[in-house]
Amino acid sequence: MEKKIKAVINGIGGYVPEAILDNEELSRMVDTSDEWIMSRIGIKTRHVLGERRGSAYMGIKAVQDLIDKTSLDTKDVDLLICCTTTPSFVFPSNASLICGALGITSAYGYDLAAACSGFIFGLDTCATMIESGKYKKIILVCSEKMTAITNYEDRNTCPLFGDGAAAVLIEPTTEDLGVVDSILRIDGLGKENLHLKAGGSLHPASIETVTNKEHYIYQEGQAVFKRAVSDMSRVAEEILVKNKMTSEDVTWLVPHQANIRIIDAVAKRINLSKEKTLVNIEHYGNTSAASIPLCLWDYESRLRKGDVIVLAAFGAGFAWGSMIIKWGYNIEDTKKN
Ligand code: UT7
């Protein structure tokens, strides 16, 4: 009997810009403090891309890192999906800019906009495509320039966000590795609590939208916080039960990095210890779609082949979900490491 084809992550690359905005500097911009930000959110620094570059630049850097680490031949790539809510342009897509810059000429690609759930929504899409047998090498890259839509006069939102990008290579396997399952959801009810008022086709940019600061993130923090904790916990519990697993079977929880209190609450609800929960929010802040793959990138050397990883994300929409994956490789077995 032929073995089932599964989709496995076989490499990861990342990029964060050099410039750092720390809490001391933020405290000089708005009425806040390192103490408040660390205790309420858990962020110390965020990386900032600056004015002259867009998110496609970071996507190119992350994919280049992935190519260098995996010795991937760009001619072999079938598909590149870029998850972003902050693309460099409305069009062309970040995917086309990244493929153009890196000589990925035998692929097609597109952008996927699912805000903070971008990585898990994208990974599910890629897994289905690999499992179909039609695609052999897919690059999933997440790149966000959140500082471009952050209002640095609003202390409620400006400590939260940072810039960054990470990319994974997804390939077929017949081993017991890769994407095991996913439960993904969207409800549209979050629009009132979390949105960007202008810049879309409903309210295109105008002098009025700029004057009213409508091109920046609008968030009702507490409402989003409550839904993030309850929905991420519920869906992570649900996927474990569905797959007849308990917290004992899980090697790592990799949650979306939006707030350390959300991360701790979710880990507690699904009975996972701090040691099993991967966290890097302190250094990067919330990088939206890029947060989960940036965390995998940071902790790559600790991940072992076959490790059971639960991913969980929540963001604008509302859009949320959880996935179980089995890690595909040991870092020392990859070509260049
Ligand atoms: O990734 C997308 C999904 N997004 C999220 O998951 C974010 C979810 N929400 C949150 O993480 C939290 O709600 C925030 C971090 C945004 C806010 O924390 P909070 O504990 O919910 O604070 P709050 O909005 O209830 O505000 C409490 C107080 C207020 O003062 P008063 O009215 O009690 O006097 C705020 O004005 O804290 C004040 N405050 C600040 N104080 C110092 C708000 N921001 C700041 C600040 N520095 N930066």
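The exercises below, each with a worked solution, concern a predicted model.

**Exercise 1. Strand 12 and its partners**

Determine how strand 12 (residues 308-315) is covered, and which strands it pairs with.

Solution.
Step 1. Start with the count of covered positions: eight of the eight residues of strand 12 are buried.
Step 2. Separate the two faces. In a regular strand the side chains alternate between the two faces of the sheet. In strand 12, one side carries V308, V310, A312 and F314, the other carries I309, L311, A313 and G315, and all of these are buried.
Step 3. Take the parallel neighbour. Strand 11 (residues 252-255) pairs with strand 12 in the parallel sense over four bridges. Within this pairing, L253 is opposite V310.
Step 4. Take the antiparallel neighbour. Strand 13 runs antiparallel to strand 12, and eight bridges join them. One bridge places V308 across from K326.
Step 5. Inspect the connection. Three residues lie between strand 12 and strand 13 in a hairpin, and G317 in its turn has a positive phi of about 145 degrees. The peptide bond between G317 and F318 is cis, with omega about 0 degrees, and F318 belongs to the loop between strand 12 and strand 13.

**Exercise 2. Strand 4 and the loop after it**

Describe the burial and pairing of strand 4 (79-83), then locate the cis peptide bond that involves P92.

Solution.
Step 1. Five of the five residues of strand 4 are buried. By face, L79, I81 and C83 are on one side, with L80 and C82 on the other.
Step 2. The pairing is with strand 5 (residues 108-112): the two strands run parallel and are joined by five bridges. L80 has G109 of strand 5 opposite.
Step 3. The cis bond joins F91 and P92, with omega about 0 degrees. P92 is in the loop between strand 4 and helix 4 (94-102).
Step 4. S93 is in the loop between strand 4 and helix 4 as well. Its relative accessible area is 19%, so S93 counts as buried under the 20% cut-off. Leaving out residues up to four places away in sequence, S93 touches Y110 and D111.

**Exercise 3. The nonpolar cores**

Identify the members of the largest nonpolar core that touch the most other members, and the element that gives the most residues to this core.

Solution.
Step 1. As background, in soluble globular proteins, nonpolar side chains tend to be buried together.
Step 2. The largest core has 45 residues, and the members with the most contacts to other members are F119, L123, I170 and L311. Helix 5 (residues 118-131) gives the most to this core, with eight residues.
Step 3. Expand one of these residues. Beyond four places in sequence, the residues touched by F119 include I9, C83, L140, C142, V168 and L311. Contacts of F119 also include A289, I292, P293 and L296.
Step 4. Check for another core. A second, separate one has 41 residues, among them I37, V229, L253 and I263.

**Exercise 4. The second largest cavity**

Give the volume and the lining of the second largest cavity.

Solution.
Step 1. Over the whole structure, the search returns two cavities of 30 Å³ or more. The second largest has a volume of about 30 Å³.
Step 2. The lining consists of A7, V8, I9, G178, V179, I325, K326 and W327.
Step 3. Assign these to elements: strand 1 (6-15), strand 8 (178-186) and strand 13 (319-326) each give two or more residues. Strand 1 gives the most, with three.
Step 4. Classify the lining: six residues are nonpolar, one is polar and one is charged.

**Exercise 5. Positive phi outside glycine**

For K244 and N271, state the phi angle, the location, and whether the residue is buried or exposed.

Solution.
Step 1. K244 has a positive phi near 55 degrees and is not a glycine. K244 is in the loop between helix 7 (221-242) and strand 11. With a relative accessible area of 77%, K244 is exposed.
Step 2. N271, also not a glycine, has a positive phi of about 65 degrees. N271 lies in the loop between helix 8 (260-269) and helix 9 (281-284). The relative accessible area of N271 is 60%, so N271 is exposed by the 50% cut-off.

Terms used:
Residues numbered from 1 in each chain as written. Predicted model: local features only at pLDDT ≥ 70, side-chain atom pairs only at ≥ 80, totals over all residues. Heavy atoms only, no water. 1 Å grid on protein atoms, 1.4 Å probe; cavity = no way out; pocket = protein on both sides within 12 Å on 5 of 7 lines; lining within 4 Å. Points joined across faces, edges and corners; volume = space filled by probe spheres on them. Nonpolar A, V, L, I, M, F, W, Y, C, P; charged D, E, K, R; others polar. Core = buried A, V, L, I, M, F, W, Y, C linked by side-chain atoms within 4.5 Å. Buried < 20%, exposed > 50% of the residue type's maximum accessible area, 1.4 Å probe, protein only. Contact = heavy atoms within 4.5 Å. Pairing = 2+ DSSP bridges.
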